[in-house]
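Q: Could you walk me through this protein before I go back to the bench? I would like the overall picture, then the pockets, then one helix.

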Amino acid sequence: MFSFERYSRQIEILGIEGQERLAKASVLVVGAGGLGSAVIQYLASAGIGRLGIVDGDIVEDSNLQRQTIHAGNIGMNKAESAGAFVKKLNPDVAVDIYPFDLTPKNVIGLLRGYDVIVGCPDSFKVRYILNDACFLLKKPFVHSAVYAFEGELSTFHGSPCYRCYLPKMPPATGKAIIGAVAGVFGCLQALETIKLITGYGDILKGRILRLDASTMSFFEFNLQKRKECPLCNGELKGIFEENYIGDCEIVRLK
Ligand SMILES: [Zn+2]
């Protein structure tokens, strides 16, 4: 049983039932970097029952400009460091640490045990692997990507999927980022997750939200199922490494 006092401010909105749903839910956060730091912080504080954290990277000096949960942990694995943060913030939360990278080989096994998957990777490759595996496993996939002063957000659950939006990888952007932009989008991902679990409000399904924080312009557009999407058409039958090399276009279906 959770502490009523700890969660009283949100129980006013979500009700005891909503809080119970959070306490019973499991969420896998893939990437404990700029986005993941905010996601992990707000999901842990909201009282998610079980948080899985996947990250094979080591905390470096240049991370702390935005990855605030890793304060004091330079040299430590990011999943371990994030896990230590969660334990300190909220001992109610059970944490599963996966101190390695997500790959086409391990993705199905990793995702299977969780209700919601939050994608916070720093590469397109992992985003495509997550999209495809979530679609095949029928799990909701809360997506965000940030660059410089910009970011985008969407929640995929069935069709349309991330490949309907970007059938193959666009040119890589780079690593420049204003820390607070990653924080904003990580918080939005945490919000989408809380709504998915509690059923409160509407999620951003079939819509992409974009922000250009340099002019503070939010805009969004609807996403349609793409007629040739091999995933939404049910043609892709598994996760195959060949689909995640080069521009991540689907080349093998079964
Ligand atoms: Zn699709």
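What follows is a short conversation about the fold, the pockets and one helix.

Q: What kind of model is this, and how many helices and strands does the secondary structure come to?
A: This is a predicted model, and its secondary structure comes to seven helices and eight strands.

Q: How does the radius of gyration sit against the globule rule?
A: The radius of gyration is 17 Å, close to the 18 Å that the globule rule gives for 254 residues, so the protein is as compact as a globular protein of that length. Taken along the principal axes, the C-alpha atoms fill a box of roughly 50 × 40 × 40 Å.

Q: And what share of the residues is buried?
A: Buried residues make up 49% of the 254 residues. As for contacts with a separation of 6 or more, 66% of them are accounted for by residues 24 or more positions apart.

Q: OK, pockets. How much space lies in the largest one?
A: The largest pocket holds about 1300 Å³ of space. Its lining has 50 residues, and the closest to the pocket centre are Pro121, Asp122, Ser123, Arg127 and Val146.

Q: Which helix gives the largest share of that lining?
A: Helix 5 does, with five residues. At least two residues each come from helix 2 (34–46), helix 5 (124–137), strand 5 (141–147), strand 6 (150–156) and helix 6 (162–165).

Q: How do the lining residues divide by type?
A: In the largest pocket, the lining divides into 25 nonpolar, twelve polar and 13 charged residues.

Q: What about the second largest pocket, what volume does it have?
A: The second largest pocket has a volume of about 170 Å³. Its lining consists of Met1, Phe2, Tyr7, Glu20, Ala23, Lys24, Gly47, Ile48, Gly49 and Asp92, which divide into five nonpolar, two polar and three charged residues.

Q: Switching topic: how far apart are the end C-alpha atoms of helix 7?
A: They are 29 Å apart, and this agrees with the expected span, because the 20 residues of helix 7 (residues 179–198), at 1.5 Å a residue, should span 28 Å.

Q: Which residues of helix 7 are buried?
A: The buried ones in helix 7 are Gly179, Val181, Ala182, Phe185, Gly186, Gln189, Ala190, Glu192, Thr193, Ile194, Ile197 and Thr198. As background for reading that list, an α-helix has 3.6 residues a turn, so residues three or four places apart point the same way.

Q: And what comes just after the helix?
A: Just after helix 7, Gly199 takes a positive phi of about 80°.

Methods: Residues numbered from 1 in each chain as written. Predicted model: local features only at pLDDT ≥ 70, side-chain atom pairs only at ≥ 80, totals over all residues. Heavy atoms only, no water. 1 Å grid on protein atoms, 1.4 Å probe; cavity = no way out; pocket = protein on both sides within 12 Å on 5 of 7 lines; lining within 4 Å. Points joined across faces, edges and corners; volume = space filled by probe spheres on them. Helix = DSSP H or I, 4+ residues; strand = E, 2+ residues; numbered from the N terminus. Nonpolar A, V, L, I, M, F, W, Y, C, P; charged D, E, K, R; others polar. Expected span 1.5 Å × (residues − 1). Buried < 20%, exposed > 50% of the residue type's maximum accessible area, 1.4 Å probe, protein only. Rg over C-alpha atoms; globule rule 2.2 N^0.38 Å. Contact = heavy atoms within 4.5 Å.
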